[in-house]
Amino acid sequence: MKETVNRRIKGEPLQYLLGEWEFYGYPFKVGKGVLIPRPETELLVDLVKEYCIRAKQEISPKDGLCSSEGATVLDLCAGTGCVGISLVKEIGCNVIAVEKYKEAAEYLKSNIKLNNVENNVTIIEDDVLSLKQLLFITEQLSIVVINPPYLSGCEMQSLQAEVRHEPQTALYGGNDGLDFYRAFFNVWGERLQKARLFACEVGDGQAGAVGQLMENVGLRVEKRKDFNGIERVLFSPGAL
């Protein structure tokens with residue numbers, strides 16, 4: 001107990017001390033080396049669910065887009081796997097989760113077991129921006145979601161003590177916060193045009209700039225605000 005108190009005094013996040021946190025009503029193991037799931041990220045799950053419900057109503061079962069086993073979701077920069085795993089639980093899809101960093105990937109593996117979705121989630125431990133299995137991934141394109149690092153240099157300097165314990169690799173997006181997005185759309189842009197749905201989380205005030213990057217690669221842009229009124233998720237729905 002004393003050790004736990006001391007860790008908390010030093011600013012370690014409560015979620016790390018507990019070792020587990022809830023996202024979309026499901027438990028996820030968290031700790032040093034992985035980003036803590038945030039409530040605003042649940043918007044990504046909401047969007048995919050809404051799209052799949054609409055698609056199921058408008059597409060015949062033989063098309064297989066969003067029947068219980070039909071959808072393939074690419075969860076890029078997966079971290080704990082909170083988005084992809086929640087989608088498996090909610091809509092019965094299959095997920096390809098891509099995570100670069102070993103520590104985060106270990107939590108991803110633990111959370112797959114914790115939520116009993118081993119048969120629905122495939123893990124690829126690789127860099128989204130230089131994916132060795134990019135051809136395989138492209139062939140599986142159906143729904144693509146990503147919550148990348150997007151904090152700017154100024155935001156990193158003003159982080160709360162608790163957030164400083166989380167991995168910078170999951171937070172820092174370059175001086176203006178857009179470095180990852182630029183690189184991502186450069187690599188994935190044309191491929192995303194083939195997706196039935198693409199959705200990404202963005203930082204406060206970034207929706208306009210990221211939306212322009214999406215439009216530059218031919219994606220139609222729609223926006224969704226979070227509970228604070230911030231344009232938090234951008235998405236590009238393909239034709240049903």
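A residue is called buried when its relative accessible area is under 20%. In the predicted model described here, Trp-188 has a relative accessible area of 0% and is therefore buried. Phe-184 falls in that class too, with a value of 1%. The two residues belong to helix 8 and stand 4 residues apart, which means that about one helical turn separates them.

Trp-188 and Phe-184 are also among the residues with the most contacts inside the largest nonpolar core, together with Leu-76, Phe-185, Phe-198 and Val-210. This core has 36 residues. Two or more residues each come from strand 3, strand 4 (94-98), helix 6 (134-139), strand 6 (143-146), helix 8, strand 7 and helix 9. The most is given by helix 8, which supplies 6 residues. Another core, of 34 residues, lies apart from the largest one and includes Val-45, Leu-47, Ala-55 and Phe-235. When residues up to four places away in sequence are not counted, Phe-184 touches Leu-76, Val-128, Leu-129, Ile-146, Gly-189, Leu-192 and Phe-198.

Aromatic pairs were examined next. The structure holds 7 of them. In the pair formed by Phe-184 and Trp-188, the ring centres are 5.8 Å apart and the planes meet at 25°, so the arrangement is stacked. The cut-off for this class is an angle under 30 degrees, whereas pairs over 60 degrees count as edge-to-face. Both members of the stacked pair are buried, Phe-184 at 1% and Trp-188 at 0%. Phe-185 and Phe-198 have ring centres 5.9 Å apart and planes at 80°, and the pair is therefore edge-to-face. This second pair links distant parts of the chain, since Phe-185 is in helix 8 and Phe-198 is in strand 7, 13 residues apart. Phe-185 and Phe-198 are both buried. Through ring pairs, Phe-180, Phe-184, Phe-185, Trp-188 and Phe-198 are linked into a cluster.

Helix 9 (residues 207-216) has Ala-207, Val-210, Gly-211, Leu-213 and Met-214 as its buried residues. Viewed down the axis of helix 9, these residues fall within an arc of 155° and so line one face of the helix. The elements covering the buried residues of helix 9 include helix 8 (179-192), strand 7 (197-201), strand 8 (222-225) and strand 9 (231-237). After helix 9 comes Gly-218, with a positive phi near 85°.

Helix 5 comprises residues 102-114, 13 residues in total. From the first C-alpha to the last, helix 5 reaches 18 Å, close to the 18 Å expected at 1.5 Å a residue. Its buried residues are Ala-104, Ala-105, Leu-108, Asn-111 and Ile-112. These cover an arc of only 120° around the axis and therefore sit on the same side of helix 5. Lys-102 and Lys-113, on the other side of helix 5, are exposed. Strand 2, helix 4, strand 4 and strand 5 (121-124) are the elements against which the buried residues of helix 5 pack. Asn-116, just after helix 5, takes a positive phi of about 55°.

Positive phi angles also occur in loops. Tyr-24 is not a glycine, yet its phi is positive, at about 55°. Tyr-24 is located in the loop between strand 1 (20-23) and strand 2 (26-29). With a relative accessibility of 19%, Tyr-24 counts as buried, because the cut-off for this class is under 20%. Cys-77, likewise not a glycine, has a positive phi of about 55°. The loop that contains Cys-77 runs between strand 3 (72-76) and helix 4 (82-91). Cys-77 has a relative accessible area of 23% and is therefore partly exposed.

Cysteines were also considered with respect to disulfides. Cys-82 counts as buried, at 8% relative accessibility, and Cys-200 counts as buried at 1%. A disulfide requires a pair of cysteine sulfur atoms within 2.5 Å. The count by this rule is 0 disulfides.

Notes
Residues are numbered from 1 along each chain as its sequence is written. This is a predicted model: local features need pLDDT of at least 70, side-chain atom pairs count only at pLDDT 80 or more; totals for chains, interfaces and linings use all residues. Side-chain values use heavy atoms; hydrogens and water are left out. Buried means under 20% relative accessible area, exposed over 50%, partly exposed in between (1.4 Å probe, protein chains only). The arc is that of the directions from the helix axis to the C-beta atoms. Contact means heavy atoms within 4.5 Å. A nonpolar core is a set of buried Ala, Val, Leu, Ile, Met, Phe, Trp, Tyr and Cys residues joined through side-chain atoms within 4.5 Å. The expected span of a helix is 1.5 Å times one less than its number of residues. Rings of Phe, Tyr and Trp (its six-membered ring) pair if their centres lie within 6.5 Å; planes under 30 degrees apart count as stacked, over 60 as edge-to-face and the rest as tilted.
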